[in-house]
Amino acid sequence: MSAPAVLLRDVRFRYRSGPEILDIPELTIVRGERVFLFGPSGSGKTTLLGLLAGVLAGYTGSVEVLGQDMAKLRGSARDAFRGTHIGYIFQQFNLIPYLTVRENITLPGRLQPARGKQAGDVTAVAQRLGIASLLERGVTELSVGQQQRVAAARALLGGPELLIADEPTSALDFDHRERFLELLFENCALTNSTLLFVSHDRSLAGKFDRQLSLVDFNRAQRQEPAA
Amino acid sequence: MIVLLSLAWKSLRNRLLTTSLTVLSIGLSMALLLGVENVRVGARESFANTISQTDLIVGARGGSLQLLLYSVFRIGQATNNISYESYQHWKNHPAVAWTIPYSLGDSHRGFRVVGTTEDFYQHLRFRRDRRLEFDAGRSPQGVFDVVLGSDVAAALNYKLGDKIVISHGVAAGRGIADNDHADKPFTVSGILKKTATPVDRSLYIQLEGISAVHIDWADGAPPMPGEEVPASKIAKENMKVEQITSFLLRCKTRIATLQLQREINTYKEEAMQAIIPGVTLQELWRTIGYAEDALQVVTIFVILVGLLGMLVSLYTSLNERRREMAILRAIGAGPGKIIALLVLESGLLALAGCVVGVVMIYGLSFAFQPVIEQQFGLYVPVQPPTPAGWLYLGTVLLAGILIGFVPAWKAYRNTLADGLSIRV
């Protein structure tokens, strides 16, 4: 448990022949921390998340997630690692349109048996997020706010060690945003998950343990501002 | 795998319209392919069963195919007749159960006139054990009675009691006026039910009738003026049958057939030949069978078009589904699972198409079997798929699965390019 949730050293990344997107000398996120990561569009936020989730390869330097060197995992092992240890919430349209709420929430566990083993009670998670009554509904009938809670429930079920949320509140109005964040905090505390919350909206930043400005620690962006 | 299968199923169900259209198009082409296969089998069966229970066809020595063609299909002509004496000899042979004599050479408005006896109506069998039945009237009782095949009656719109004139020779169309046996008209005494065999396309009179119309002819030429014999002076008892063209023969035991065939072929009194219809029918089928190959090639292309339709519909759906793929990636589905998902989808589509095709073709064959038999003389069997049918089904299923790899590869490329970033 001593290994940090995220440890980056001398990480550089570019898409094929494109310009360097990331040049991060050092980044550490300890376990259980709630981190707010902000930066303007194009500052490399999504790229960084791709590295952490093990979807992007071909970087230099070292990326360790939960003590696991991502470069040492190949192909399906990386997918399995992501599916088992990381919860991921997108900005919006998080859900598979042709599955019910319950099916969406339980899908990661069914795709990755290891995650399935740790998966707890769906109803309990749904209750904590206030969507218990929606479990058998089709996801297309839900409001955006409800959809984001379903996404959160899916990301939280099975208590992943790391929860990555990529601007999950940007489609919500102010009240819903506050409420969603509270729910996220409560549940992360319950499962002792590390939360990496990405947004360009700094009004939420105060609620987090730590605020990180990507532009500050990403040298690539300082030399070459986003187009 | 079960998870992916249920995902594929639900994803297809979600795009119900596209899915049903794709399944329908594969189903239709599958039904067409199986239908053609059934028609092929049906055609071959119908053909092989044009006559049944006939062990030998006997005629003057010549080509065996020719003998079959003029005796069974009423195509072409005999070069020689056989004597009535020889016919009587074989008819009374102890191994013979029954015979049906045919005397050919005259026609009526393009349809052949066949001289035969009551044996024809009693013994002729087709499609295994079906016998001739009358739609109206009965078999010819007098020398100038004629029975019509159902096609003849339908084409010329004849009814019982109508008077018709037969012509010498078998040239198509109306006979040459000089060759008409106009002085000896025939009366329609019966009309046969449809048999869907060449029987329908002929007229039947008594052997004596053939003799009667030619009684005053000499050396194949019409009588000189003043030498005509009026019909009123002709009585059946006075008519002598000199020769016939061929006859069908049934042996008392099947084992006797080969022995009898050898005996007839080596008959000293007259140069004759006996053929086994089944063997010669098969020979004939082989020569005309290329038509069915052509039909088959066409259907194979229809199947290809159906499968291409599936490819197009899956491929075009991928752009709308990029987000779905990114979500699946984010929750731990690797590229392998993405590929498997799409291959399963196309496999399911092909499977559903095959099922729909099979159901459709059996429904259709069942519903239209009587109509097809009536209209086209084709007996299409309603039966489980033939080995060839199963082969088609398996091939289409396999092709459907293989085709799934094309959109799957595209989806795989998309997920590599998109990663977890989502493009709407």
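1. In chain B, the centres of domain 1 and domain 2, taken over C-alpha atoms, are separated by 53 Å. The first of these, domain 1 of chain B, is made of two stretches, 2-47 and 290-418, while domain 2 of chain B covers 56-275. Where the two domains touch, domain 1 of chain B contributes 5 residues and domain 2 of chain B contributes 4 residues. On the domain 1 side of that contact, the residues divide into 1 nonpolar, 3 polar and 1 charged.

2. The reader should keep in mind that this is a predicted model, and that the predictor gives the complex an ipTM of 0.80 and a pTM of 0.71. For chain B the pLDDT averages 85, with 95% of the residues scoring at least 70. For chain A the mean pLDDT is 83, and 94% of the residues reach 70 or more.

3. Within chain A the confidence varies from element to element, and two of them mark the ends of the range. Helix α9 of chain A (residues 219-223) has the lowest confidence, with a mean of 67, whereas strand β3 of chain A (residues 34-38) has the highest, at 91. Any reading of helix α9 of chain A should take that mean of 67 into account.

4. On overall form, chain B has a radius of gyration of 32 Å, whereas a compact globule of 424 residues would have one near 22 Å. Along its principal axes, the C-alpha trace of chain B spans about 105 × 45 × 30 Å. In secondary structure, chain B holds 14 helices and 15 strands.

5. Chain A, for its part, contains 9 helices and 9 strands. Its radius of gyration is 17 Å, close to the 17 Å that the globule rule gives for 227 residues, so chain A is as compact as a globular protein of that length. Taken along the principal axes, the C-alpha atoms of chain A fill a box of roughly 50 × 35 × 35 Å.

6. Turning to the contact between the chains, 27 residues come from chain A and 20 residues come from chain B. On the side of chain A that touches chain B, the elements giving two or more residues are α1 (45-52), α2 (75-85) and α3 (101-111) of chain A. Of these, α2(A) gives the most, with 7 residues. By class, this side of chain A has 15 nonpolar, 8 polar and 4 charged residues.

7. One helix pair in chain B deserves a separate look, namely helix α3 (residues 64-73) and helix α9 (residues 277-288) of chain B, which pack at an angle of about 100° with their axes 10 Å apart. Because angles of 65 to 115 degrees count as roughly perpendicular, α3(B) is roughly perpendicular to α9(B). From α3(B), the residues B:Ser64, B:Leu65, B:Leu68 and B:Val72 meet B:Pro277, B:Thr280, B:Leu281, B:Glu283 and B:Leu284 in α9(B). By class, the contact of α3(B) with α9(B) has 6 nonpolar, 2 polar and 1 charged residues.

Definitions and conventions. Residues numbered from 1 in each chain as written. Chains lettered and ligands numbered in written order. Predicted model: local features only at pLDDT ≥ 70, side-chain atom pairs only at ≥ 80, totals over all residues. pLDDT = per-residue confidence, 0-100. Helix = DSSP H or I, 4+ residues; strand = E, 2+ residues; numbered from the N terminus. Domains from an automatic or database assignment. Contact = placed C-beta atoms within 7 Å. Nonpolar A, V, L, I, M, F, W, Y, C, P; charged D, E, K, R; others polar. Axes fitted to C-alpha atoms, helices over the stretch in contact; angles between N-to-C directions. Parallel < 35°, antiparallel > 145°, perpendicular 65-115°, else oblique. Rg over C-alpha atoms; globule rule 2.2 N^0.38 Å.
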